[in-house]
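Subject: Handing over the structure

Hello,

Here is the structure I promised to pass on to you. Have a look at it first, and then read on for my notes.

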Amino acid sequence: MKGVLKLGKIAGIRLEVHWTFTLLLIWIVFLDIQRGGTTYSALMNIVLILLLFFCVILHELGHALTAKRFNINTKKITLLPIGGVASLEKMPEKPGQELIVALAGPAVNVIIAILLFLIVPMKSYFGLDADSLGQLLEAPRLETLLFYLFIANVMLVVFNLIPAFPMDGGRVLRALLAFTMDRARATEIAAGLGQALAVIFFMLGLFFNPFLILIALFIFLAAYSENQMVKQKSLVEGHFVREALLTNITVLHPDHSLEDVFAIILSGTEKDFVVTENEDIVGVLNHKEIIKNAKNGSIKVRSIMNTKFSCMNATDELKEFFHLINKEKQRFFPVTDNTNKLIGAIDAYNVSEFLMLKTNFIAKT
Ligand SMILES: [Zn+2]
């Protein structure tokens, strides 16, 4: 993701904050000034938000570290104004494991809430009528800050457990469904419910809180794309990379100029290229990189090719391709045979064409 501030690494996982997060802080200060708050109360509000997002990081770490126990790595945790996102390489496909990973996040907030409940004298807050509670909360004290943090953690648990796939509650639902039916069907049901809830969030957002609109869009799109992904994965079950292999590919040399590549692109339909030198695969030249450097035709392929690429083997299962897309954020990979010799390439376009041909075939027979 572009426009992120890197905070560092925890347990090998990158921690990033998206730039829009600063908008949230500005918005909080703005609200406080509008209410006639002091510098001190504005500061307290910012501290509260930062503490809350620290709890969100712990929540995401709950998912990530639990997934690690099932040998699934997490590349990074990103903080957005609407919450955190842990980029797991994949979700566990066994329903029991997915259930545990999904519950691990909210469980962290339950523990934090219990700890705060023990620390803060809750009775002095819960026993009050609305007016005196309001007065007490106006006065910025550490105890009040922790009380707010307690409420926020309880809300995090409740909100995350709403079964709006792919939020945690939706994943719990999918996992539970997947105990009794196949995963693709379970995902379809959970994603359908997720999208219906997203529409409701959107409408509520129009009237109450603009953040709900953002969350609604996020859920709607994420539910759609994960449903597609799982559907495609179930369709490619039992098929192998060699069946969707692009064999008619142009192989580049590192000393080719971009000008040479333009000629190849214009004379055919290829967009991404494998680069070899002395029969070794040394890089991948992606379409994005070509476009980015389009003004400089004399530049050599060597200086813009991606040298940190992954290869697939012709005998790999096709579903591994989807894992790789998710992991590498790339859609084109060189394919080798068992002797590590380049025999072709695979890309998302060709795989979806393979799927169309195959499902069409099934529909007719
Ligand atoms: Zn979560």
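How far apart do the C-alpha centres of domain 1 and domain 3 lie? The separation comes to 41 Å. Please keep in mind as you read that this is a predicted model.

**The overall picture**

The domain assignment splits the protein into domain 1 (1–161), domain 2 (163–235) and domain 3 (241–364). If you draw a box along the principal axes, the C-alpha atoms fill roughly 75 × 50 × 40 Å. In secondary structure, the protein has 14 helices and 10 strands. Of its 365 residues, 27% are buried. Among contacts with a separation of 6 or more, 60% are between residues 24 or more positions apart.

**Helix H1**

Helix H1 covers residues 20–34, which is 15 residues. From its first C-alpha to its last, H1 reaches 21 Å, close to the 21 Å expected at 1.5 Å a residue. Just after H1 comes Gly36, with a positive phi of about 80 degrees.

**The nonpolar cores**

Now to the part I enjoyed going through. The largest nonpolar core holds 38 residues, and Ala64, Phe165, Ala198, Ile219 and Ala223 are the ones with the most contacts inside it. At least two residues of this core come from each of helix H2 (39–69), strand E4 (83–88), helix H3 (95–119), helix H6 (142–160), helix H7 (168–178), helix H8 (183–207) and helix H9 (210–235). H3 gives the largest share, 8 residues. Where does this core lie with respect to domain 1 and domain 2? Both domain 1 (1–161) and domain 2 (163–235) give residues to the core, so it lies between them. A second core, of 22 residues, lies apart from that one and includes Val301, Phe333, Ala345 and Ile346.

Ala223 is a good residue to click on. Setting aside neighbours within four places in sequence, Ala223 is in contact with Phe165, Pro166, Ala191, Gly194, Gln195 and Ala198. Two of those partners, Phe165 and Pro166, are joined by a cis peptide bond, with omega about 10 degrees. Pro166 itself sits in the loop between H6 and H7.

Further along, Met229 belongs to helix H9. Is Met229 buried or partly exposed? Met229 has 15 C-beta neighbours inside 10 Å and therefore counts as partly exposed. Although Met229 and Lys319 are 90 residues apart along the chain, their C-alpha atoms are separated by 9.9 Å.

**Sheet E5-E6-E7**

Strands E5, E6 and E7 form an open sheet in that order, with mixed pairing. Why is one side of E5 and of E7 left without a neighbour in the sheet? Strand E5 (251–252) and strand E7 (280–285) stand at the edges and each has a single partner strand, so one side of each has no neighbour there. Strand E6 (residues 273–277) pairs with E7 in the antiparallel sense over 5 bridges. One pair to look at is Phe273, which stands opposite Leu285 in E7.

The loop between E6 and E7 holds Asn278 and also Glu279. Neither is a glycine, yet Asn278 has a positive phi of about 50 degrees and Glu279 has a positive phi of about 70 degrees. Are these two buried or exposed? Asn278 counts as exposed because it has 6 C-beta neighbours inside 10 Å. Glu279 has 8 C-beta neighbours inside 10 Å, so Glu279 counts as exposed too.

**Sheet E8-E9-E10**

Another open sheet of 3 strands runs in the order E8-E9-E10, and its pairing is mixed. Strand E8 (312–313) and E10 are the edge strands, each pairing on one side only. Strand E9 (residues 332–336) and strand E10 (residues 342–347) run antiparallel and are joined by 5 bridges. Across that pair, Pro334 has Ala345 as its bridge partner in E10, and Thr336 stands opposite Leu342. Ala345 is also among the residues of the 22-residue core. In the hairpin of E9 and E10 there are 5 residues between the strands, and Asn340 takes a positive phi near 65 degrees.

That is everything I have for now. Happy exploring!

Best wishes

Terms used: Residues numbered from 1 in each chain as written. Predicted model: local features only at pLDDT ≥ 70, side-chain atom pairs only at ≥ 80, totals over all residues. Pairing = 2+ DSSP bridges. Helix = DSSP H or I, 4+ residues; strand = E, 2+ residues; numbered from the N terminus. Buried ≥ 20, exposed ≤ 12 C-beta atoms within 10 Å, placed from the backbone. Contact = placed C-beta atoms within 7 Å. Expected span 1.5 Å × (residues − 1). Domains from an automatic or database assignment. Core = buried A, V, L, I, M, F, W, Y, C linked by C-beta atoms within 7 Å.
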